[in-house]
Amino acid sequence: MAPTVTILAIESSCDDTSAAVIRDGVVLSNLIAGQAVHEAYGGVVPELASRAHQANIVPVVDRALAMAGTTAEEISAVAWTRGPGLLGSLLVGSSFAKGFALARNIPLIEVDHLQAHVMSHFVREPGREDALPDFPFLCLLVSGGHTQLMVMHDHLSMEIIGATIDDAAGEAFDKCAKVMGLPYPGGPVIDRLAAGGDPYAFVFAKPRIRGLNFSFSGLKTSFLYFLRDRVAEEPGFIESRRNDLAASLQRTIIEILIGKLVRASKETGIREVGIAGGVSANSGLRQAAGREAGKQRWNLFLPELRYTTDNAAMIGITGYYKYLRSDFSDHTAIPLARYGK
Ligand code: KG4
Ligand code: ZN
């Protein structure tokens, strides 16, 4: 029998400090400490994020080890997010990972945050035998910083076949929510408000981008001008139509995303299809993907909500597959604000 592989994973690319323990591909713990400090600023403040990571990282790792019922001595390797992300935030995770690996004399494994979001579909949970995607696997990654269509050829080989040319889908949610005076992050708030609104109440211009790329900055601008004009006519417009605005905006974003996902599936012929990243928590997007799966005969993978936003379990599962191939990094590896660049 192969020896047990226990990975300690660290994720600190943005505003969540997360640690997870993955044993032989099964998640034993996955702890996330969010940072409420950014709410008052309407967005993530990099300097404050670095400080909060610094305060949180040791307690979060301690708890992750305890909840997994394991100790530092049993860890086979440390996986850490090398990028992309905020440099100051990444530095906290990378320094911790290096210190831990050095102290225990175990390998260090660097992980691409974006690949990890897609790999969240391969996290197994104790006592569950969920079907995992077959390869090639087509995945739409939609987060606050990224909107990409990826094809996974195997656990570690990933091809980007489409990407946003400006804003990410999560950014479109967050920026439009801000214009409506809603708190940050706006995506989940829009999701909740949309449930009580008419998705066809308003029509916003959709971008015409050829191929598999996306664009969201035009939608954001058209939403802003639309609100400005309507508020000039009727000062209470946003408050009185909040639900309809949220529902119409959400429908537009979903139509853009699903339209490209369908196109990507047709062009590649891949029917193993998933969504990942923070925006994949959106209930409207999940329903739309489900409807489309029926029409297109997709084998659809929707991540559990706990694996949609940033988490260390996805870093751990990627690290596990890298461990099996002895794909280790050395202690001179530095975090990359833009991975691969
Ligand atoms: O993956 P993530 O945690 O961080 C990045 O790597 O960016 O994604 C965060 C993004 C934010 O833009 C947030 O508004 C969005 O995911 N988000 C949602 C929902 N939950 C989180 N957007 C729409 N509907 C949701 N339910
Ligand atoms: Zn992310």
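This briefing describes selected features of one protein chain and its bound ligand. The model is predicted. Ligand 1 occupies the largest pocket, and 19 residues surround this ligand. The points below begin with that site, continue with helix α4 and residue T147, and end with backbone features and residue K295.

**The site of ligand 1**

- Among the 19 residues around ligand 1, the closest are G144, D174, D191, G278 and N282.
- G144 approaches the ligand through its backbone: an N or O atom of its main chain lies 2.8 Å from an oxygen atom of ligand 1.
- S143 approaches through its side chain, with a polar atom 3.4 Å from an oxygen atom of ligand 1.
- H113 also places a polar side-chain atom by the ligand, at 3.5 Å from an oxygen atom of ligand 1.
- On its own, ligand 1 has 560 Å² of accessible area, and the protein covers 89% of this area.
- Three elements, α3 (113-119), α4 and α5, each give two or more residues to the shell around ligand 1.

**Helix α4 and its surroundings**

- Helix α4 spans residues 169-179, and its buried residues are A169, G170, A172, F173, D174, C176 and A177.
- D174 therefore has two roles in this description: it is counted as buried in α4 because its relative accessible area is under 20%, and it is among the residues closest to ligand 1.
- The buried residues of α4 pack against two strands, β6 (137-142) and β7 (147-152), and against three helices, α5 (186-194), α6 (217-233) and α8 (242-268).
- Just after α4, the backbone of G181 adopts a positive phi of about 80 degrees.

**Residue T147 in strand β7**

- T147 belongs to strand β7, one of the elements against which the buried residues of α4 pack.
- T147 has a relative accessible area of 1%, so it counts as buried.
- The side chain of T147 reaches the backbone nitrogen of A169 at 2.7 Å, and A169 is itself one of the buried residues of α4.
- Leaving aside residues up to four places away in sequence, T147 touches L141, V142, G162, A163, T164, A168, A169, F214, F216 and L257.

**Cis peptide bonds**

- The peptide bond from F135 to P136 is cis, with omega near -5 degrees; P136 lies in the loop between α3 and β6.
- The peptide bond from Y184 to P185 is also cis, with omega near -10 degrees; P185 is located in the loop that joins α4 and α5.

**Positive phi outside glycine**

- D24 is not a glycine, yet it has a positive phi of about 50 degrees.
- The position of D24 is the loop between β2 (17-23) and β3 (26-33), where its relative accessible area of 28% makes it partly exposed.
- N105 likewise is not a glycine and has a positive phi of about 55 degrees.
- N105 sits in the loop between α2 (87-104) and β5 (108-112), and it is exposed, with a relative accessible area of 70%.

**Residue K295**

- K295 is part of helix α9, which covers residues 283-296.
- Its relative accessibility is 63%, so K295 counts as exposed.
- K295 and L48 are 247 residues apart along the chain, and their C-alpha atoms are separated by 46 Å.

How values were computed
Residues are numbered from 1 along each chain as its sequence is written. Chains are lettered from A and ligands numbered from 1 in the order in which they are written. Side-chain values use heavy atoms; hydrogens and water are left out. Helices (H or I, at least four residues) and strands (E, at least two) are DSSP runs, numbered from the N terminus. Buried means under 20% relative accessible area, exposed over 50%, partly exposed in between (1.4 Å probe, protein chains only). Contact means heavy atoms within 4.5 Å. A residue is near a molecule or strand if one of its heavy atoms lies within 4 Å of it. A polar contact is a pair of N or O atoms within 3.5 Å; within protein, one must be able to donate a hydrogen and the other to accept it, and residues adjacent in sequence count only if both atoms are side-chain atoms. Accessible areas come from the Shrake-Rupley method with a 1.4 Å probe; for residues, only the protein chains shown count as cover. On a 1 Å grid over the protein atoms alone, a cavity is a set of points where a 1.4 Å probe fits but cannot get out, and a pocket is an open set with protein on both sides within 12 Å along at least five of seven lines; lining residues have an atom within 4 Å of a point. A molecule sits in a cavity or pocket if more than half of its atoms lie within 2 Å of its grid points.
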